[in-house]
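Me: I should like to go through this structure by way of questions, with the reasoning set out before each result. Please begin with the term that the first answer will need.

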Amino acid sequence: MRSPHPIQAGVLPLVASSVVLAALLVPVPPALAADVACSVTYTTNDWDTGFTASVSLRNDGAALDSWQVGWTFPDGQKVQQGWSATFAQTGAAVTATNLSYNGHLGTGASTSFGFNGTKGSANRPPTDFSVNGSACTGANKAPTVSLTSPTSTGTYYAPATIPLAATAADTDGTVGKVEFYAGDTLLATDTAAPFEGSWGNVPAGTYSITAKAYDNKNASTTSNPVSVKVLSGPTVVAAPATAQVKQGGTTTFGVTLAGAPTSSVTVAIAKTGSSDLTATPTSLTFTPANWNVAQNVTVKSADNGGALGSATFTATGTGYTAATVTVTEISASTSDYQVEFLKQYNKIKDPNNGYFRKFGNILVPYHSIETLMVEAPDYGHETTSEAFSYYLWLEASYGQITGDWTPFNAAWTSIETYAIPSAADQPGNSGYNASKPATYAAEYPSPKSYPSQLQTGVAVGSDPIAAELKAAYGSPDVYGMHWLLDVDNIYKFGHCEDGTNTAPAFINTFQRGSQESVWETVTQPSCDVLKFGGKNGYLDLFTGDSSYAKQWKYTDAPDADARAVQVAFQAEKWAAAQGKGSDVAAVVKKASKMGDYLRYSLFDKYFKKIGNCVNPSSCPAGSGKDSEHYLISWYYAWGGSMDSSSAWAWRIGDGAAHQGYQNPLAAYALSADPGLKVTSATGASDWATSLGRQMEFLQWLQSSEGGLAGGATNSWEGQYGTPPSGTPTFYGMFYDQQPVWHDPPSNQWFGFQTWGMERIAEYYQATKDARAKKILDKWVPWAIAGTTVGAGGSFQVPSDLTWSGAPDTWNATSPGGNTGLHVTVKNYSTDVGVAASLSKTLLYYASGSGNAQAKTVGEQLLTALSANADTQGIAVPETRTDYNRFDDAYNATTDQGPYVPTGWTGTMPNGDPINASSTFTSMRSFYKNDPQWPKVQSYLDGGAAPTFTYHRFWAQSEIATAFAAHVALFG
């Protein structure tokens with residue numbers, strides 16, 4: 001009943017080190033002033049005979065002009081080489097003295113240094129740290145603070161007066177003051193409990209309110225934010241704001257109040273415009289109990305065959321700001337599917353429904369309307385490159401239906417402005433060395449094996465496309481979408497950890513191997529300048545190094561970029577048929593450019609040679625194109641230095657390819673379509689080869705029943721390991737039924753079947769390629785057999801799949817029949833997005849092949865979806881039993897829960913602690929302020945699993961574009 005499709009499990013950042021070595025065994029200076037208050041954090045990464053130690057010193061007393069940290073090793077450890085300090089060791093006693101540039105430490109300031117050492121009998125940490133001869137007794141603990149007013153459920157009307165209140169406490173001192181903020185604007189300050197204030201004359205708008213508490217030593221903590229909407233006054237809400245009605249037919253819009261009234265309110269419905277349009281009822285009554293329950297108004301068009309008209313319906317209540325809905329007649333001969341598309345489109349684009357956040361004139365889609373949501377994104381008001389690609393698809397379909405391509409171009413502007421990192425957001429690319437694209441670090445099955453050590457001794461191949469991309473586009477920067485953005489900046493990373501409410505903010509989650517589910521991630525900024533997290537930001541959760549530089553890193557989800565190319569291909573054809581090809585030409589050109597960079601997904605992660613690669617040291621580095629597998633893999637990624645004066649950068653591909661990510665239509669367009677054919681020297685030929693290789697790959701993975709199995713990898717378990725004996729291969733890549741991620745298995749979700757097959761069906765409909773038809777001819781009957789459509793909007797489609805056996809080793813001249821590869825449907829769901837994707841697949845197949853059954857079932861699914869419409873879209877309730885993982889801490893027995901290495905400590909920007917005891921919720925305390933949280937808390941307390949009705953952007957757009965596909969294919 002959900003769409004559990006993590007986008008980027010297993011992505012490992014490549015972290016460049018910035019190491020300063022200091023001399024050992026220097027004379028120990030005498031102890032300095034004893035008036036010192038300090039704390040020391042000491043952590044290690046161990047190996048067989050040695051270890052790397054990282055030491056963080058915080059000055060909690062008077063300012064220091066110099067410092068010397070001392071300790072005693074308990075187990076005979078020896079310092080070998082160090083950085084950012086000068087070390088001396090006599091027996092077990094060690095001192096580390098500041099260098100010239102880091103000696104001054106103001107009150108509350110911190111610095112860090114480290115060293116490599118050898119172990120003794122054990123490697124217990126020292127316990128007797130001192131600074132300048134005085135023992136460190138611990139750090140000042142920051143205060144706690146919670147905002148008690150306003151609340152997220154309050155309703156305010158402009159010019160509003162909003163009461164401000166917070167509770168604050170300090171366990172080792174006193175609270176000096178509490179400040180209240182709207183974003184970065186200081187509203188009020190109170191220096192004594194109860195901490196209160198007031199914000200007056202507040203204009204209409206939406207505001208994020210926080211409280212910030214300071215203790216007597218100036219440590220501070222910021223509360224979780226509360227989002228407050230101030231209305232222009234008591235307001236009537238009507239949705240959708242725009243509607244169409246077939247001449248002689250009816251349509252509806254819903255009416256609610258924006259806030260709870262104190263007594264009953266009568267809302268009258270009035271009309272201006274065409275007399276052919278009438279509304280019933282003309283009066284609605286709302287009470288303090290039903291004010292937020294939509295009441296429908298039905299608009300009827302007269303069946304008189306006259307000229308098409310339009311009318312505006314106004315919903316008014318005494319003392320309330322009115323709402324308007326504009327209804328336009330369309331021809332009685334208009335396809336019902338076109339009408340359904342327009343209904344769904346209007347709901348998605350209606351500002352009252354909340355699918356987008358508006359930045360100036362640019363819309364950015366949320367992952368979902370609802371905020372309390374955990375699946376691939378860990379918050380509903382994040383967004384993904386997947387959502388951006390569906391936004392483009394939605395607007396392409398609108399252009400197909402209406403001939404207006406302005407919204408389509410606006411969608412690409414949104415992609416280019418917010419999803420593709422700008423040149424300023426990826427500095428350091430001028431220092432990229434294509435002959436050494438990245439440093440190898442192994443992936444591991446479990447997060448508990450991280451951080452992964454960088455291994456400079458493992459050879460990596462050369463990047464054969466960087467130079468030609470720079471030559472083609474005149475820039476060293478990458479033109480691809482980063483996969484995850486925090487649209488509302490709920491985490492408060494801001495732009496490159498600037499500590500503001502800058503939004504959207506690039507973030508990342510999955511980076512620690514195949515088992516790491518969304519419930520086990522530690523959300524981190526894509527630009528890590530070491531301001532938040534631990535002493536090394538978040539970097540040392542993923543890779544083990546001696547020191548860390550401030551850096552950025554982005555991850556591309558190739559299926560989203562390929563979908564954008566696929567959509568641009570269709571838009572180009574639709575616009576040309578309307579005589580409006582020039583309207584979309586600029587966007588088509590940019591999609592071609594994105595597709596050129598998408599080739600990084602066609603290469604092994606470390607550009608190693610493809611085929612039988614079973615040892616990182618002996619598997620040969622690639623040269624030229626022998627590291628290219630030509631399949632669309634799970635990701636590509638790139639990163640680099642924040643310091644333009646010391647530029648360096650890295651790039652990686654991925655050796656793991658999943659069936660659900662393949663897109664033969666995009667490969668065809670980028671290699672053969674005049675508008676989309678890429679312009680780099682070898683890009684078009686790469687995509688031409690990819691097209692054939694993808695078709696072979698999908699045939700190789702097709703089970704006896706028809707479903708497509710997982711995929712293949714050139715790097716077993718992400719570390720060029722040795723697979724089980726007898727594992728089948730595809731051009732030397734190993735079969736993997738669950739490539740990249742295992743919690744849940746990556747090929748369990750039926751949606752990956754429909755996503756991938758829809759692209760094959762579109763490709764087949766456009767080209768009539770017999771290879772595609774052969775796969776579809778087997779897959780479609782299997783999918784139809786698992787689909788049921790009943791009366792009254794009831795339906796079910798496959799949900800989870802179970803796999804057994806394996807394909808035959810691929811023989812291109814004589815493919816096997818895969819008689820030993822089988823799939824069964826484990827359970828079924830009413831996932832509206834998957835149902836729409838399946839419908840679209842069946843319709844494209846029917847159009848290309850003439851298969852009547854596929855067309856009928858595709859239409860039946862669309863009819864069933866229409867029957868599940870609500871005021872915000874088309875959705876059904878779903879029960880989330882997995883939400884019991886909100887409060888899971890790491891369990892070493894089950895190896896589940898968010899793993900943080902012992903001794904690693906840090907904080908999120910809002911002060912949430914990160915340590916070995918962290919839970920998903922403890923690192924995301926903002927969830928407890930969500931209006932829907934009580935449902936989850938009740939479940940965690942032993943109650944029933946919570947039920948939600950979610951409006952995911954991709955699913956709602958999938959439904960709309962399925963209606964539009966019927967119009968495009970069948971008129």
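Reply: A residue counts as buried when its relative accessible area is under 20%, as exposed when that area is over 50%, and as partly exposed in between. The model discussed here is a predicted one.

Me: Is Gly710 buried or exposed?
Reply: Gly710 is found in the loop between α8 (683–700) and β43 (711–713). The cut-off for a buried residue is under 20% relative accessible area. Gly710 has a relative accessibility of 0%, and it therefore counts as buried.

Me: Which residues is Gly710 in contact with, leaving aside its neighbours within four places in sequence?
Reply: Contact here requires heavy atoms within 4.5 Å. Among the residues that meet this for Gly710 are Leu701 and Asn747. The full list for Gly710 is Ala657, His658, Gln659, Leu701, Tyr735, Asp736, Gln737, Pro739 and Asn747.

Me: How many Å apart in space are Gly710 and Gln748, C-alpha to C-alpha?
Reply: In sequence, Gly710 and Gln748 are 38 residues apart. In space, their C-alpha to C-alpha distance is 8.8 Å.

Me: What is the radius of gyration of the chain, and what value would a compact globule have?
Reply: The C-alpha trace spans about 100 × 75 × 55 Å along its principal axes. For 971 residues, a compact globule would have a radius of gyration near 30 Å. The chain agrees with that value, at 30 Å.

Me: What percentage of the residues of the chain count as buried?
Reply: The chain holds 14 helices and 56 strands. Its exposed area is about 33,500 Å², of which carbon and sulfur atoms supply 51%. Of its 971 residues, the share that counts as buried is 60%.

Me: Among contacts between residues at least 6 apart in sequence, what percentage join residues at least 24 apart?
Reply: The count takes in contacts in the chain between residues at least 6 apart in sequence. Of these, the share joining residues at least 24 apart is 73%.

Me: How many Å apart are the mean positions of the positive and negative charges?
Reply: The chain has 56 positive and 78 negative charges. The mean positions of these two sets are apart by 3 Å.

Me: How many disulfides does the structure hold, and what is their pairing in sequence order?
Reply: A disulfide is a covalent bond between the sulfur atoms of two cysteines. The structure holds three of them. With the bonded cysteines numbered in sequence order, the pairing is 1-2, 3-4, 5-6.

Me: How many residues apart in sequence are the parts that Cys38 and Cys136 tie together?
Reply: The sulfur atoms of Cys38 and Cys136 are 2.0 Å apart, and the two residues form a disulfide. The link is left-handed, with -110° about the S-S bond. Because Cys38 lies in strand β2 (residues 38–46) and Cys136 in the loop between β10 (134–135) and β11 (144–149), the pair ties together parts whose separation in sequence is 98 residues.

Me: Is Cys496 buried or partly exposed?
Reply: A disulfide joins Cys496 to Cys527, with an S to S distance of 1.8 Å. This pair links distant parts of the chain, 31 residues apart, with Cys496 in the loop between β34 (484–486) and β35 (505–508) and Cys527 in strand β37 (residues 527–528). Cys527 has 8% relative accessibility and counts as buried. Cys496, at 23%, counts as partly exposed.

Me: Is the disulfide of Cys613 and Cys619 left-handed or right-handed?
Reply: The S to S distance of Cys613 and Cys619 is 1.4 Å. Both Cys613 and Cys619 are buried. The torsion about their S-S bond is about -100°, so the disulfide is left-handed.

Me: Which residue does a cis peptide bond join to Pro150, and which to Pro744?
Reply: Most residues other than glycine have a negative phi, and most peptide bonds are trans. Pro150 lies in the loop between β11 and β12 (156–157), and Pro744 in the loop between β45 (733–736) and α9 (751–767). With omega about 10°, the partner of Pro150 is Ser149; with omega near -5°, the partner of Pro744 is Asp743.

Me: What is the relative accessible area of Asn489, and what is that of Glu497?
Reply: Asn489 has a positive phi of about 55° although it is not a glycine, and Glu497 likewise has a positive phi of about 55°. Asn489 is placed in the loop between β34 and β35, as is Glu497. Both are buried, with a relative accessible area of 0% for Asn489 and, for Glu497, 3%.

Key: Residues are numbered from 1 along each chain as its sequence is written. This is a predicted model: local features need pLDDT of at least 70, side-chain atom pairs count only at pLDDT 80 or more; totals for chains, interfaces and linings use all residues. Side-chain values use heavy atoms; hydrogens and water are left out. Helices (H or I, at least four residues) and strands (E, at least two) are DSSP runs, numbered from the N terminus. Buried means under 20% relative accessible area, exposed over 50%, partly exposed in between (1.4 Å probe, protein chains only). The radius of gyration is taken over C-alpha atoms; the globule rule is 2.2 Å times the number of residues to the power 0.38. Accessible areas come from the Shrake-Rupley method with a 1.4 Å probe; for residues, only the protein chains shown count as cover. Lys and Arg count as positive and Asp and Glu as negative; His and the chain ends are not counted. The place of a charge is taken as NZ of Lys, CZ of Arg, CG of Asp or CD of Glu. A disulfide is a pair of cysteine sulfur atoms within 2.5 Å.
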